[in-house]
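Work through these exercises with the sequence and the model side by side. Try each task before reading its solution.

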Amino acid sequence: MTTNLRTSAVSLFINNGDGSFRDGSDYSVQKGPIKVVAGDLDGDKDVDLAVLCFSASAVSILLNRGKGSFVVASKYDITGSPADLCSGDFNGDGKIDLVTANSNSLNLSILLNKGNGTFAKDVSILYLTNHSVSCVVILTKTQRLIWRLLETKILMCF
Ligand SMILES: [Ca+2]
Ligand SMILES: [Ca+2]
């Protein structure tokens, strides 16, 4: 998968199994895609994709339809110029959630997975110090650190 920053598209290249790849299939997302995270977002045991689109301040969700094809299923607007995207199960319900680091608004946005590939939008925001947030890292084995920090409103600085 490549993100094509100056466009509104990502390109998927399927591995032939010998180190070569089939020609890419393009998928339209929001403007300025910069990062992709992979994981089973809808619980059907195949790998789906979440794409961070910097210029549009949005996350696009691509659900796997099998045999290397995807459908752009939904998008979520994020305030504050999201600069990074990570995944993890932040509330411990077994469903992969998403978090963005927002470089202009100095916070994180959490998208909680409902289990079918749709997300509760911006349900929790952690306000940080006066430093710009450029990346997020999941620090614990349980992947619950950020969620605990949100509940206790501890300030973090990256
Ligand atoms: Ca899936
Ligand atoms: Ca979860």
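**Exercise 1. The core**

How many residues does the largest nonpolar core have, and which have the most contacts inside it?

*Solution.* Note that this is a predicted model. Step one: count the core. The largest nonpolar core has 29 residues. Step two: find its best-connected members. A50, V51, V59, L98 and L111 have the most contacts inside this core. Step three: trace the core back to the strands. At least two core residues come from each of β5 (48-53), β6 (58-66), β7 (69-77), β8 (82-88), β9 (97-102) and β10 (107-113). With five residues, β5 gives the most.

**Exercise 2. Around L98**

Find what L98 is in contact with, leaving aside its neighbours within four places in sequence.

*Solution.* Start at L98 and skip those sequence neighbours. The contacts left are A50, V59, L85, S87, L111 and F119. Now compare with the core: A50, V59 and L111 are also among the residues with the most contacts inside it.

**Exercise 3. Two positive phi values**

Where are K67 and S81, and is each one buried, partly exposed or exposed?

*Solution.* Take K67 first. Its phi is near 55 degrees, a positive value in a residue other than glycine. K67 sits in the loop between β6 and β7. K67 has 6 other C-beta atoms within 10 Å, so it is exposed; the cut-off for exposed is 12 or fewer.

Now S81. This residue is not a glycine either, yet its phi is positive, at about 55 degrees. S81 lies in the loop between β7 and β8. S81 has 16 C-beta neighbours inside 10 Å and therefore counts as partly exposed.

**Exercise 4. The open sheet**

In what order do the three strands of the open sheet run, and is the pairing parallel or antiparallel?

*Solution.* The order is β1-β2-β3, and the pairing is antiparallel. Next, pick out the edges. β1 (2-4) and β3 (25-28) are the edge strands, each pairing on one side only. From one strand to the next, the twist averages 25 degrees. Then zoom in on one pair. β2 (residues 9-12) joins β3 over four bridges, in the antiparallel sense. Look for S25 in β3: it is the bridge partner of L12.

**Exercise 5. The whole chain**

How many helices and strands does the chain have, and what share of its residues is buried?

*Solution.* Count one helix and 11 strands. Read from the N terminus, the order is β-β-β-β-β-β-β-β-β-β-β-α. Of the 158 residues in the chain, 32% are buried. Finish with the contacts that have a separation of 6 or more: residues 24 or more positions apart account for 42% of them.

Key. Residues numbered from 1 in each chain as written. Chains lettered and ligands numbered in written order. Predicted model: local features only at pLDDT ≥ 70, side-chain atom pairs only at ≥ 80, totals over all residues. Core = buried A, V, L, I, M, F, W, Y, C linked by C-beta atoms within 7 Å. Buried ≥ 20, exposed ≤ 12 C-beta atoms within 10 Å, placed from the backbone. Contact = placed C-beta atoms within 7 Å. Pairing = 2+ DSSP bridges. Axes fitted to C-alpha atoms, helices over the stretch in contact; angles between N-to-C directions.
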